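Okay, thanks for coming, everyone. I'll put the structure up and walk you through it, starting in the middle and working outwards.

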Amino acid sequence: MLKVLLIDDETLVRSGIRLILESDPDIEVVAEAADGSGVLGLVRRHRPEVVLTDIQMPGVDGLEVVRLVTAEPDPPAVVVLTTFDLEDYVHTALRHGATGFLLKDTPPRELVQAMHVVGGGEAMLSPSITRRLLTRFASGEASTSARSRLDPLTPREREVAVAVGHGSSNAEIARGLGLSEATVKVHLGRIMAKTEAVNRTQVAILVHDAGLA
């Protein structure tokens, strides 16, 4: 059972999202909140695999939710909801450790699928959205600091990192590089440790900032 914590200040929106998610028998919304003021208590009590949070809320907003949750030991994945797909705060949320973001008009089937993808340890951004988002916020020049953070990677780890930057899933990377998915996960873990990235989305941003994707 995939456990989801849902945070949104609009009661009707929360109700609608809960109905959509729990139409899948393998998803359970374990708790809801109208803002992020009590998010750490809810995370510690219910141990969700995914925190799905609105980003624009009175009180404690989604950016603070991302910051608080990702600072926890072994944190759940955090996905932010937004009405706008390319706002500065979305990029900030990703840099703070959010796994990705969803638009509020995401079709129900895609919303359910995204929860399973995130719950499985991968970024929920589709390749097309990843490229569009990162391209929008890329500086246009290779970042010296980003390149220096990637320098410790082995050639194989760099190949995996670049594939992540292109939005490839673990399965796609495994097929493309002739590896097993388990080996890809090992490489990804080492990449995140060496670059101090908290998830694959931050790896993708780093690769783009370095001008490698």
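So, look at Leu5 first: its bridge partner in E3 is Val51. That pair belongs to the contact between E1 and E3, two strands that run parallel and are joined by four bridges. Before I go on, please keep in mind that this is a predicted model.

Now follow E1 to its other neighbour. Six bridges connect E1 with strand E2, residues 27-33, and again the two run parallel. If you want a residue pair to find that spot on your screen, take Ile7, whose bridge partner in E2 is Ala33.

How much of E1 is buried? Five of the six residues in E1, which spans residues 2-7, are buried, so the rest of the structure largely encloses that strand.

Let's go back to E3, residues 50-54, and step across to E4. Here we have five bridges, and the strands run parallel. Val50 is a handy marker, since its bridge partner in E4 is Ala77.

E4 itself, residues 77-82, is mostly covered, with six of its six residues buried. Which residues of E4 point which way? Ala77, Val79 and Leu81 go to one side, Val78, Val80 and Thr82 go to the other, and all of them are buried.

Put those pieces together and you get an open sheet of five strands, in the order E2-E1-E3-E4-E5, with parallel pairing. The edges are E2 and strand E5, residues 100-103, each of which pairs on one side only. On average, neighbouring strands in this sheet are turned by 25° against each other, if you ignore direction.

Next, what packs on the sheet? One element is helix H3, residues 62-70, which touches E1, E3 and E4. The direction of H3 makes about 160° with that of E3. Then there's helix H5, residues 108-119, which lies across E1, E2, E3, E4 and E5. H5 runs at about 130° to E3.

H5 also has a helix partner. The axes of H1 and H5 come within 9 Å and cross at roughly 75°. That angle makes H1 roughly perpendicular to H5. On the H1 side you have Ile17, Ile20 and Leu21, and they meet Pro108, Leu111, Val112 and Met115 in H5. What classes of residue make up this contact? Seven nonpolar ones, with no polar and no charged residues.

While we're on H1, which covers residues 11-21, have a look at Ser15, which lies in that helix. Is Ser15 buried, exposed or partly exposed? Its relative accessibility is 34%, so Ser15 counts as partly exposed. Between the C-alpha atoms of Ser15 and Glu32 there are 9.5 Å, and along the chain those two are 17 residues apart.

Let me jump to another helix pair, further along the chain. Helix H8, residues 155-165, packs with helix H10, residues 181-195, at an angle of about 90°, and the axes are 9 Å apart. H8 and H10 are therefore roughly perpendicular to each other.

From H8, the residues involved are Arg156, Glu157, Val160, Ala161 and Val164, and from H10 they are Val184, His187, Leu188, Arg190, Ile191 and Lys194. Sort this contact by class and you get six nonpolar, one polar and four charged residues. So for H1 with H5 the charged count was none, whereas here, for H8 with H10, there are four.

Just past that, in the loop between H10 and helix H11, residues 200-209, sits Val198. Val198 has 49% relative accessibility, which means it counts as partly exposed. Apart from neighbours within four places in sequence, Val198 is in contact with Gly97 and Met192. And what is the C-alpha distance between Val198 and His96? They are 8.7 Å apart in space, although 102 residues separate them in sequence.

Last, a few totals. The chain has 11 helices and five strands. Of its 213 residues, 46% are buried. If you take contacts with a separation of 6 or more, 68% are between residues 24 or more positions apart. The chain exposes about 10100 Å², and carbon and sulfur atoms supply 51% of that.

That's my tour, so over to you for questions.

Definitions and conventions: Residues are numbered from 1 along each chain as its sequence is written. This is a predicted model: local features need pLDDT of at least 70, side-chain atom pairs count only at pLDDT 80 or more; totals for chains, interfaces and linings use all residues. Side-chain values use heavy atoms; hydrogens and water are left out. Axes are lines fitted to C-alpha atoms, for helices over the stretch in contact, and angles run from 0 to 180 degrees between N-to-C directions. Angles under 35 degrees count as roughly parallel, over 145 as roughly antiparallel, 65 to 115 as roughly perpendicular and the rest as oblique. Contact means heavy atoms within 4.5 Å. Ala, Val, Leu, Ile, Met, Phe, Trp, Tyr, Cys and Pro count as nonpolar, Asp, Glu, Lys and Arg as charged, and the others, Gly among them, as polar. Buried means under 20% relative accessible area, exposed over 50%, partly exposed in between (1.4 Å probe, protein chains only). Accessible areas come from the Shrake-Rupley method with a 1.4 Å probe; for residues, only the protein chains shown count as cover. Two strands pair if DSSP finds at least two bridges between them.
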